[in-house]
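Here are a few short exercises to work through with the model open beside you. Try each task before reading its solution.

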Amino acid sequence: MANRTRELEGLNQQLMEYAFYNSHKVRGPLCRIMGLVNLISLSPTHQHEYLLEKLAVSTDELDDAIKAINHTLQTVDKNLPTTYQTHIQDKE
């Protein structure tokens with residue numbers, strides 16, 4: 001029972017870390033992308049090059065964040081006890 005509690009506490013901690021990462025590392029670039037797209041639609045043509053450069057930076061940041069999340073989830077999946085892995089696979 002104590003072993004299961006430790007496993008669940010570890011999984012809960014990983015979930016909290018994922019939620020924090022998602023809210024800060026993913027939402028930030030996404031919101032900048034959304035804002036830049038809006039600015040591009042409203043701006044004069046001569047400003048488009050500058051805004052597109054900023055858009056490219058934000059898309060790269062978002063891509064890096066998503067890759068990091070995928071890596072973390074793959075690592076977590078390998079460390080899950082077999083019973084949790086089976087439960088997750090059954091949900092897919």
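A starting point: the accessible surface of this protein, a predicted model, comes to about 7,200 Å², and 58% of that surface belongs to carbon and sulfur atoms.

**Exercise 1. Describe the overall fold.**

Solution. Begin with the elements: the protein has three helices and zero strands. Reading from the N terminus, their order is α-α-α. Next, look at burial: of the 92 residues, 17% are buried. Finish with the contacts that have a separation of 6 or more: residues 24 or more positions apart account for 62% of them.

**Exercise 2. Find the residues of the largest nonpolar core, and say which helix gives the most to this core.**

Solution. First, list the members. The largest nonpolar core has nine residues, namely V26, I33, L36, I40, L51, L55, L62, A65 and I69. Second, assign them to helices: α1 (2-42) and α2 (48-79) each supply at least two residues of this core. Third, name the main contributor, which is α2 with five residues. To see the packing around one core member, select L36. Leaving aside residues up to four places away in sequence, L36 touches L51, K54, L55 and S58.

**Exercise 3. Locate the two salt bridges and describe how each pair sits in the chain.**

Solution. Take R32 and E61 to begin with. Their closest N and O atoms are 2.1 Å apart, and the two residues form a salt bridge. R32 lies in helix α1 and E61 in helix α2, 29 residues apart, so this pair links distant parts of the chain. Now check accessibility: R32 counts as partly exposed because its relative accessibility is 38%. E61 is also partly exposed, with a relative accessible area of 34%.

Then turn to K67 and D63, a salt bridge whose closest N and O atoms are 3.1 Å apart. Because K67 and D63 are four residues apart in helix α2, about one helical turn separates them. D63 is partly exposed, at a relative accessible area of 36%.

**Exercise 4. Is Y18 buried, partly exposed or exposed, and which surface patch includes Y18?**

Solution. Start by placing the residue: Y18 is found in helix α1. Its relative accessibility is 34%, so Y18 counts as partly exposed. The cut-offs behind this step are under 20% for buried and over 50% for exposed. Last, look at its partners: Y18 forms a nonpolar patch on the surface with L15 and L73, and together they have about 280 Å² of accessible area.

Notes. Residues numbered from 1 in each chain as written. Predicted model: local features only at pLDDT ≥ 70, side-chain atom pairs only at ≥ 80, totals over all residues. Heavy atoms only, no water. Buried < 20%, exposed > 50% of the residue type's maximum accessible area, 1.4 Å probe, protein only. Contact = heavy atoms within 4.5 Å. Areas by Shrake-Rupley, 256 points an atom, 1.4 Å probe, with all protein chains shown as cover. Core = buried A, V, L, I, M, F, W, Y, C linked by side-chain atoms within 4.5 Å. Patch = residues over 30% accessible without salt bridge, like charges linked within 9 Å, V, L, I, M, F, W, Y side chains within 5 Å. Salt bridge = Lys/Arg side-chain N within 4 Å of Asp/Glu carboxyl O.
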